[in-house]
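Subject: Handing over the structure

Dear colleague,

I am passing on the structure we spoke about, together with some notes on what was found in it. Please read the notes with the coordinates open beside them.

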Amino acid sequence: MKALQSEIERRGRRIFELVDKHPEPLFSKAGFYQRLMALSMRDERFKVQLFRFVDVLPSLRRSREIIEHLNEYFSDNGFGPLVNAGVRLARVVPWVSGRALRWNVSGMARQFIAGRNPDDVMATLRKRRAQKIGFTVDLLGEAVVSEAEADEYAARYLDLLEKLARETKNWTDPLGENSELFPVVNLSVKISALYSQMNPADPADAIAHLAPKLRPLLRRARELGAFINFDMESYAHKNTTLELFKTIFSEREFKDWPHTGIVIQAYLRDSEADLRDLIEWGRARGTRFAVRLVKGAYWDYETTKSLQNSWECPVYFQKPESDMNFEILTELLFENQSIVTPAFGSHNVRSIAHAQALADELGIDHSLFEFQLLYGMAGPIKRALVEMGYRVREYCPVGELLPGMSYLVRRLLENTSNEGFLRAKFAEKVSAKELLRDPREIIQRAKSASPLGKERRLDPAVEQFRGDVYVNSPLVNFVYKDSQDKMRSALREVRSRFGEKYPLVIGGEKVWTDQLTPSVNPSAPDQIVGYGSEAGIPEAERAVKAARAAFGKWSRTPFEERARLLERAADILERRRYELSAVEVFEVGKPWNEADGDIREAIDFCRFYARQMRRLGRPKLTQQVPGEESYHHYWPRGVAFVVAPWNFPIAIMCGMASAGVVTGNTVIMKPSEQSIVCGSMLMQVFEEAGVPPGVLNFLSGHGSVIGAHLVDHKDVDLIAFTGSREVGLKIWESAGITRPGQRELKRVICEMGGKNAIIVDSDADLGEAIDYSIYSAFGYQGQKCSALSRLILLEENYDRVMERLIPAAASLRIGNPEEPGIMVGPVIDEAAYRRILDYIEVGKSEATLAYQAKDVPPQGYFIPPTIFTDVKPNMRIAREEIFGPVLSVLKVRDLEEAIEVANGTDYALTGGFLSRSPANIERVKAQLEAGNVYINRSCTGAIVGRHPFGGFKMSGSGTKAGGEDYLLNFLVPRVVTENTSRHGLAPEQTPEYRDEFLWPKPRQ
Ligand SMILES: Cc1cc2nc3c(=O)[nH]c(=O)nc-3n(C[C@H](O)[C@H](O)[C@H](O)COP(=O)(O)OP(=O)(O)OC[C@H]3O[C@@H](n4cnc5c(N)ncnc54)[C@H](O)[C@@H]3O)c2cc1C
């Protein structure tokens, strides 16, 4: 080990010597770019603004726009003289500075992009050939939103391949030895660019679509003697990419083809297992293949994404851990050199020197592997490696600036990263000794000091704040095969229970009635998921009595006990998670991830409200004054009637019921007639959690019968309703009438529909705009109250958006959501089906039918995703809630009109804005009339605690489910004041909290 380390140091020093012979700054482009990067490395805030500006710039067409953005991003932010002078100059001569900026940023991109097109790139490749550097070419443009784009991309790859083969016909391997392993023409392929509907839950579907697109390319590559490499992208696509590689190269046609490779990312914790699996596969296949080992380019993305979803993070947190793993995998590759050809993709001299030294130690000839480095980076290192006699290949991206933006930002991030080798060596001039240290040593040191990585970036104030915030239950990550298998087996198990009967639960007793209501599978209406006992007026009366009777004791039960009940329920929901998701798939037609999101939300409601109750539960002193104590506290209201919808059949019911129960009310919950089985499941969960008899009662039946009866009931004190505007308004009115014998003014919590709009600004990222709009409009068939139904486009970018929106809608996967990866399933029932079709007819008469899907399953309540254009704000399809996969597109002059149109409805539930103009974003934040305003994301998918959810105007009574003030709706506030002074003598201190009087201790 020691000998290896000294050999690594020797080699490393040699590389540094060679590098120093041709000194070059970190960024070979002088001037503007260097200064910006230097500033970025000094000031994290500037870096963020700069990268955002760089990101939006290519989409800006006029100098005026460029200058406006420059101003918005940089002016008055204290970024120092350089930037301020630039901004001032830009204000004076916008035309000149706009052009200059674009030119400079294009220059920045050109530094990393080897050519705009295949012709262009040849000049670069020729230069490299003269320097004895080989190439692999990649086509920029990763995120495709439609199959049309994916097909075009595949065709461009084929063109590129032909061109490269033609132009390099007489080229030979620069090293000469073992050249049969390293074809001259080498193409790097981004798999996600070839299929727009890749879904991590469904690798089989992705492979079925990708393989036919790849085969012609592979076939031709083989004929031309070229090499094809599969690049690796984000973690979500990793398993599919590996599976695709193994599947396609096991096919008879390609089984004996050695010129194929794949990337392994050492920053992934499971990379060693993946590499071992690949090697085993390779041995069974019996033909050599290649692996490009890299650390990984998506570190920031992966950490942010997993933090957002409360997922276990797939990447290491400490940089030296990635470095160490790179070395472990290097060894594994060399050990298996007989079947796998290694390529090391790194600019880190330690990682490179390690590979060199280890190869020597293991007796592996240097011509049997290669080093690969990125175009525009680490030029001196490439030169040094060539001088040392190694094979070097450069990764050369080709394409226009716009599709290359995310690539450029990744490179900028890499170059300015605090932890990167290049910055340490070339910008911070860290010593060779330090740079060549064994990463194992650094990890050990780091363990005893503060943790590296993401954690280290948080300042203490942020950490403290985070400590206070509710941490959501993780979503199931369907990227894992284990999760997919569990879901499949849950679906099988739930299917085997089809047709079971479910009772009412009143006062802790199961109650069966003569009437049974069938609940059908909307994907296959001949299948009955289950039958619910139907309650009539007698059962409703019984439920009110049971709830009333239980109220006295429950209202005096300490809140801690009530909170624990919710936490037990959350644990049971967690345990039964897949099963409950499967029930939702069958009963309400939810796609896998949507169903799982619903169960996650239910779990969160329980845990979040338990936490909130602990915060609110104790009587709190209002002010410290001598001689008097006043305690502010809450009492429950009484009997709560919870009326839940079918579209979030477990989460919303659970949210309303758990809020009722934890606040000390007793609850009668009524599921929607379409989701009785889901409702019964939730009742089972609470029974298992130990809810006392009468505290929670389950009553399924017709809204018009028991619903109306209970709303009007004198002994019902509170109604929590989520559903349609029509029913909500009736409840609101009815509950306003005071009945004889009624004790309380009824409190109504009423959440109704929306006619939600997203505005797309002229500078929006179009790929994202399409993704978010499509998901918001058609996810769960448009049956979320938050769903997008009006897409508002500015005249200026109307054509560009529509050009991509329609093919994107046409690429959606429509089908039975039992299949993973389905985006659009059936609508809930026949009535909804007919109503939506009627609306489509209305749309045809009012506006232009721009798109309607053709292939939907013949059985089941499937409505084809439909898009109308030429929609005007006064049309019915722009005003009335449709609750289905129907999107109206409205064209407006400018942002002012866009906001006016967005606000011009009866509703105010959700609203979205997609833009990269900080000023416009601020304006929309201030002016959009919606309870939940979403910027640069979809307008659906609220998360408990993070996005308290609910609207106003005709969308609801202004309450926020999952917010910290939600429980107050279930409580009456009370203050008790006591004069504690006797003849002027008062206790010195009054306790901040006092709860003895709420829950008196039993007498000893
Ligand atoms: C030819 C070539 C092809 C490539 N192809 C791909 C590809 O297909 N897919 C892909 O993802 N990347 C690819 N890359 C990009 C590559 O992943 C990055 O360039 C590389 O990670 C930089 O590593 P380094 O060894 O050069 O630098 P170093 O500075 O030693 O390492 C930087 C890397 O360390 C990791 N890291 C940073 N901070 C932390 C932390 N706190 N904890 C843990 N790890 C951390 C990150 O991976 C980061 O990129 C390729 C690179 C090259 C040269």
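Which residue lies over the face of W635, and at what distance from the ring centre? Please keep in mind, before the answer, that this is a predicted model, and that every value below was computed from it. The residue is R974, which lies at 3.8 Å from the centre of the W635 ring. A second contact of this kind involves R269, whose charged end sits over the ring of F317 at 5.3 Å from its centre.

Aromatic contacts

Turning from charges over rings to rings paired with rings, the structure holds 34 aromatic pairs. One of them joins F478 and W592, whose ring centres are 5.4 Å apart and whose planes meet at 55 degrees, so the pair counts as tilted. Because F478 lies in the loop between helix 21 (460-468) and helix 22 (481-496), while W592 belongs to helix 26 (residues 592-616), this pair ties together parts that are 114 residues apart in sequence. Both partners can also be placed by their accessibility: F478 counts as buried because its relative accessibility is 7%, and W592 counts as buried because its value is 3%, the cut-off for buried being under 20%. Elsewhere, one aromatic cluster is formed by F230, F245, F249, F254, W257, W281 and F289.

Strands

Strand 2 (residues 186-189) is covered on both faces, with N186 and S188 buried on one side and L187 and V189 buried on the other. On pairing, strand 2 runs parallel to strand 1 (residues 134-139), to which 2 bridges join it, and V137 stands opposite L187 of strand 2. Strand 2 also runs parallel to strand 3, here with 4 bridges between them, and L187 stands opposite I228 of strand 3. L187 therefore appears in three of these notes, as a buried residue on one face of strand 2, as the residue opposite V137 and as the residue opposite I228.Strand 16 (residues 639-643) is mostly covered, 5 of its 5 residues being buried. V639, F641 and V643 are buried on one side of strand 16, and A640 and V642 are buried on the other. Strand 16 pairs with strand 17 (residues 666-670) in the parallel sense over 5 bridges, and A640 stands opposite V667 of strand 17.

A further residue to look at is I759, which is found in strand 21 (residues 756-760). I759 counts as buried because its relative accessible area is 0%. Although I759 and L793 are 34 residues apart in sequence, they are 6.1 Å apart in space, C-alpha to C-alpha.

Pocket and cavities

The second largest pocket holds about 1,300 Å³ of space. Its lining is made up of 42 residues, and those nearest its centre are F721, G723, S724, E726 and V727. Helix 29 (703-712), strand 19 (718-722), helix 30 (725-735) and helix 33 (830-846) each contribute at least two residues to the lining of this pocket. By residue class, the lining of the second largest pocket comprises 18 nonpolar, 11 polar and 13 charged residues.

As for enclosed space, a search of the whole structure finds 8 cavities of 30 Å³ or more. The largest cavity holds about 120 Å³ of space, and of the 17 residues that line it, F227, A290, A343, E370 and Q372 are the closest to its centre. At least two lining residues of the largest cavity come from each of strand 3 (227-230), strand 5 (289-294), strand 6 (340-345) and strand 7 (370-374). The lining of the largest cavity divides into 8 nonpolar, 6 polar and 3 charged residues.

The second largest cavity holds about 90 Å³ of space. It is lined by 15 residues, of which G782, A787, S789, E881 and F883 are the closest to its centre. In this second largest cavity the lining residues divide into 6 nonpolar, 5 polar and 4 charged.

With best wishes

Methods
Residues are numbered from 1 along each chain as its sequence is written. This is a predicted model: local features need pLDDT of at least 70, side-chain atom pairs count only at pLDDT 80 or more; totals for chains, interfaces and linings use all residues. Side-chain values use heavy atoms; hydrogens and water are left out. Rings of Phe, Tyr and Trp (its six-membered ring) pair if their centres lie within 6.5 Å; planes under 30 degrees apart count as stacked, over 60 as edge-to-face and the rest as tilted. Buried means under 20% relative accessible area, exposed over 50%, partly exposed in between (1.4 Å probe, protein chains only). A charge sits over a ring if NZ of Lys or CZ of Arg is within 6 Å of the ring centre and within 35 degrees of the ring normal. On a 1 Å grid over the protein atoms alone, a cavity is a set of points where a 1.4 Å probe fits but cannot get out, and a pocket is an open set with protein on both sides within 12 Å along at least five of seven lines; lining residues have an atom within 4 Å of a point. Grid points are joined across faces, edges and corners, and a volume is the space filled by probe spheres set on the points. Ala, Val, Leu, Ile, Met, Phe, Trp, Tyr, Cys and Pro count as nonpolar, Asp, Glu, Lys and Arg as charged, and the others, Gly among them, as polar. Two strands pair if DSSP finds at least two bridges between them.
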